Amino acid sequence: MDRWINKVAVITGASSGIGEDLARELVKKNVNVVGLARRIDNMQKIKESLKNEKGSFYPIKCDVSKEEDIVKAFQWIEKNLKTVDILVNNAGVYTSDLCIESSTENIKKVIDVNLIAPTVCTKEAVKIMRKNNTAGHIINIDSVAGQGVKFYESTALNMYSPSKFALKAVSQVVELELEYVKNHTKVTTIFPGLVKTEMPPEIAFKHLPYVDSKDITDSIIYVLSTPPHVQIKELTITPVPGYMRQ
């Protein structure tokens, strides 16, 4: 991780769950982290708790479903921190209504946050990376739902799986485009199984094996720790089947 000391990481969905846990770990490792999320109060508390660590945490209120919020955030980053070295597209949402009965509003909400937002964030980050000739790292937090569709009790999670399948394709498109423009930024897609965060319903953790946010953070730290000539394209992290914790 020494190559990232004093570098700048941008994490979406940084106010809780995987985003918060990763932000804390990177700041402790002397990385300057910009957190993008709607819940600015949560992020201010995170900032306060990290004030004595090696790196710094910069919270920016940002609704990633709004392009103007994303663009303004990256303009602030470029003006104040000059660069972007790491981008972690972590923010995500789902709805549990049936796709065949869903409102168009719900369909668009999931696509906007899970697919359009990471694409726009990537575009803005890469613009800054190329300007600075930075060989950075883009990490897309996908899901095992982006590898296969499953039905859970009464739902297949509507547009969640389609958005995550498409995010995997975005990773592949961006990787090829970066090669084309001769930028050596890496692209990694992480596929977590069920993670104990605020997003899944609490009852899921009583009936299904799960991993913790820290387990996903550890995998991201591993990916970031690889030497410049090594790229981990995809990494799947799931609980051991049938392993129910007390």
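# Reasoning from values to words in a predicted model

Me: Where in the chain is L157 placed, and why is L157 called buried?
Reply: L157 has its place in the loop between β5 (137–141) and α5, in a model that is predicted. Its relative accessible area is 16%, and because buried means under 20%, L157 counts as buried.

Me: What makes the phi of L157 worth a remark?
Reply: The phi of L157 is near 65°, which is a positive value in a residue other than glycine. Most residues other than glycine have a negative phi.

Me: Which value does phi take in N158, and why is N158 called buried?
Reply: N158 lies in the loop between β5 and α5, and its phi is near 55°, a positive value in a residue other than glycine. The relative accessibility of N158 is 8%, and since the word buried is used under 20%, N158 counts as buried.

Me: Why are α4 and α5 called roughly parallel to each other?
Reply: Helix α4 and helix α5 (residues 160–180) pack at an angle of about 15°, with their axes 8 Å apart. Angles under 35 degrees count as roughly parallel, and therefore α4 and α5 are roughly parallel to each other. On the α4 side the contact is made by residues including V110, I111, N114 and L115, and on the α5 side by residues including Y160, S163, K164 and A166. By class, the residues of this contact of α4 with α5 divide into 11 nonpolar, four polar and one charged.

Me: What makes α3 roughly parallel to α4?
Reply: The axes of helix α3 (residues 67–81) and helix α4 (residues 104–131) come within 10 Å and cross at roughly 25°. Because angles under 35 degrees count as roughly parallel, α3 is given that description with respect to α4. In this contact E67, I70, V71, F74 and E78 of α3 meet a set of residues in α4, among them A117, V120 and C121, and the residues of the contact divide into eight nonpolar, no polar and five charged.

Me: Why is α1 called oblique to α7?
Reply: The axes of helix α1 (residues 17–28) and helix α7 (residues 213–224) come within 9 Å and cross at roughly 50°. Angles under 35 degrees count as roughly parallel and those from 65 to 115 as roughly perpendicular, so a crossing at roughly 50° makes α1 oblique to α7. The handedness is a separate matter, and α1 passes α7 in a right-handed crossing.

Me: How do you know that C121 is not bonded to C62?
Reply: The closest cysteine sulfur to that of C121 is in C62, at 6.5 Å. A disulfide needs the two sulfur atoms within 2.5 Å, so this pair is too far apart for a bond. By this rule the count comes to zero disulfides.

Me: Why do C121 and C99 get the words they do for accessibility?
Reply: C121 has a relative accessible area of 1%, and because buried means under 20%, C121 is buried. C99 has a relative accessible area of 40%, and since partly exposed covers the values between 20% and 50%, C99 is partly exposed.

Me: What makes I46 buried, and which residues is I46 in contact with?
Reply: I46 has its place in helix α2 (residues 40–49), and its relative accessible area is 2%. Because that value is under 20%, I46 is buried. Leaving aside its neighbours within four places in sequence, I46 is in contact with A14, S15, E20, R24 and F57.

Methods:
Residues are numbered from 1 along each chain as its sequence is written. This is a predicted model: local features need pLDDT of at least 70, side-chain atom pairs count only at pLDDT 80 or more; totals for chains, interfaces and linings use all residues. Side-chain values use heavy atoms; hydrogens and water are left out. Axes are lines fitted to C-alpha atoms, for helices over the stretch in contact, and angles run from 0 to 180 degrees between N-to-C directions. Helices (H or I, at least four residues) and strands (E, at least two) are DSSP runs, numbered from the N terminus. Angles under 35 degrees count as roughly parallel, over 145 as roughly antiparallel, 65 to 115 as roughly perpendicular and the rest as oblique. A crossing is left-handed if the near helix is turned anticlockwise from the far one by less than a right angle, and right-handed if clockwise. Buried means under 20% relative accessible area, exposed over 50%, partly exposed in between (1.4 Å probe, protein chains only). Contact means heavy atoms within 4.5 Å. Ala, Val, Leu, Ile, Met, Phe, Trp, Tyr, Cys and Pro count as nonpolar, Asp, Glu, Lys and Arg as charged, and the others, Gly among them, as polar.
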